[in-house]
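Work through the exercises below with the model on screen. Try each task before reading its solution.

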Amino acid sequence: MNGDAVLLLAARAMQSAGSLANNTVVATTMSNMGLELALKRSGIRMVRANVGDKYVLEEMQRVQATLGGEQSGHILFRDGEATTGDGLLTALRVMDIMVRSAKPLADLIGDLKVFPQTIRNVRVREKIPFSQIPAVHDSIAAAEHELNGNGRVVVRYSGTEALARVMIEAESKGQMDRLAGAIVTAIQTNLGT
């Protein structure tokens with residue numbers, strides 16, 4: 001179970017308890033589209049922040065949310081005394097939800113349909129905005145057009161390394177791999193080391 005599943009589980013429990021402020025959860029651009037759809041079915045809005053707990057916290061403060069986190073499992077609960085993410089607190093909250101519901105974890109998150117997702121890293125020699133490189137811009141636009149809302153494309157530079165990160169979610173693995181490959185090839189051809 002990753003951070004997306006924890007966010008879904010915690011959001012529903014907090015919503016039932018009346019502690020999910022503004023019925024809103026803050027996740028990141030890397031959280032799976034399946035999380036967003038499952039939250040929506042429960043009447044919970046998901047707002048996306050940039051990757052990094054610093055950005056999640058900033059967005060939580062901006063929208064006055066009490067729950068946020070990353071797919072990696074770094075979860076921020078702002079409905080009590082905690083001021084930072086804490087793995088032990090997250091584990092205890094998950095176990096508390098399981099005990100109170102008397103349901104196994106699989107049942108509590110069983111409707112989370114995870115879209116196939118790939119993240120590919122491409123080493124780059126420089127970080128030129130993708131919009132300024134026609135081949136890269138066009139490959140991203142073509143992928144978004146083909147997915148037509150039934151998947152996601154996130155292409156960004158790493159904040160710490162000379163890498164471009166290509167994330168694709170699609171309903172099928174074949175489509176996901178093909179679209180990611182086209183974008184990776186365009187980046188390697190134009191910016192690769």
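Helices (H or I, at least four residues) and strands (E, at least two) are DSSP runs, numbered from the N terminus. The model is predicted: local features need pLDDT of at least 70, side-chain atom pairs count only at pLDDT 80 or more, and totals for chains, interfaces and linings use all residues. Residues are numbered from 1 along each chain as its sequence is written, and side-chain values use heavy atoms, with hydrogens and water left out.

**Exercise 1. Helix H6**

Task: Find what follows H6, check the span of H6, and sort its residues into buried and exposed.

Solution.
- Step 1. Asn148 follows H6, and its phi is positive, near 50°.
- Step 2. H6 covers residues 134-147, which makes 14 residues. The expected span of a helix is 1.5 Å times one less than its number of residues. For H6 that gives 20 Å, and the reach from first C-alpha to last is close to it, at 20 Å.
- Step 3. Buried means under 20% relative accessible area, exposed over 50%, and partly exposed in between (1.4 Å probe, protein chains only). Val136, Ser139, Ile140, Ala143 and Leu147 are the buried residues of H6.
- Step 4. Look down the axis of H6: the buried residues fall within an arc of 95°, so they line one face. The arc is that of the directions from the helix axis to the C-beta atoms.
- Step 5. Pro134 and His145 are exposed, on the face turned away from the buried side of H6.
- Step 6. The cover over the buried residues of H6 includes strand E6 (151-157), strand E7 (163-170) and helix H7 (173-191).

**Exercise 2. Ile187**

Task: Place Ile187 in its helix and list its contacts.

Solution.
- Step 1. Ile187 sits in helix H7.
- Step 2. Its relative accessible area is 0%, so Ile187 is buried.
- Step 3. Contact means heavy atoms within 4.5 Å. Leaving aside neighbours within four places in sequence, Ile187 is in contact with Val122, Val124, Phe130, Val136, Val155, Ala164, Val166 and Gly192.
- Step 4. Now compare sequence and space: Ile187 and Ile133 lie 54 residues apart in sequence, and their C-alpha atoms are 8.9 Å apart.

**Exercise 3. The largest nonpolar core**

Task: Which elements give two or more residues to the largest nonpolar core, and which gives the most?

Solution.
- Step 1. A nonpolar core is a set of buried Ala, Val, Leu, Ile, Met, Phe, Trp, Tyr and Cys residues joined through side-chain atoms within 4.5 Å.
- Step 2. The largest one has 24 residues; Leu7, Ala11, Leu20, Val25, Leu35, Leu39 and Leu67 have the most contacts inside it.
- Step 3. Helix H1 (3-17), strand E1 (24-28), helix H2 (33-41), strand E4 (75-77) and helix H4 (87-101) each give two or more residues to this core. H1 gives the most, with eight residues.
- Step 4. A second, separate core has 23 residues, among them Val124, Val155, Ile183 and Ala186.

**Exercise 4. Helices H1 and H4**

Task: How many residues of H1 are buried, and which residues of H4 are buried?

Solution.
- Step 1. Eleven of the 15 residues of H1 are buried, so the definition of buried makes this helix mostly covered.
- Step 2. The buried residues of H1 pack against E1, H2, strand E3 (67-69), E4, H4 and H5.
- Step 3. Ala13, also in H1, is partly exposed, at 26% relative accessibility.
- Step 4. In H4, Thr90, Val94 and Ile97 are buried. They cover an arc of only 60° around the axis, which puts them on the same side of H4.
- Step 5. Leu88, Leu92, Val99 and Arg100 are exposed, on the face of H4 turned away from its buried side.
- Step 6. Thr90 has 8% relative accessibility. Apart from neighbours within four places in sequence, Thr90 is in contact with Val6, Ile75 and Phe77.

**Exercise 5. The largest pocket**

Task: What is the volume of the largest pocket, and which helix gives the most to its lining?

Solution.
- Step 1. On a 1 Å grid over the protein atoms alone, a pocket is an open set of points where a 1.4 Å probe fits, with protein on both sides within 12 Å along at least five of seven lines; lining residues have an atom within 4 Å of a point.
- Step 2. The volume is about 350 Å³.
- Step 3. The lining has 18 residues; Leu9, Arg12, Ala13, Met14 and Ile97 are the closest to the pocket centre.
- Step 4. H1, H4 and helix H5 (105-108) each supply at least two lining residues. H1 gives the most, with eight.

Conventions. Points joined across faces, edges and corners; volume = space filled by probe spheres on them.
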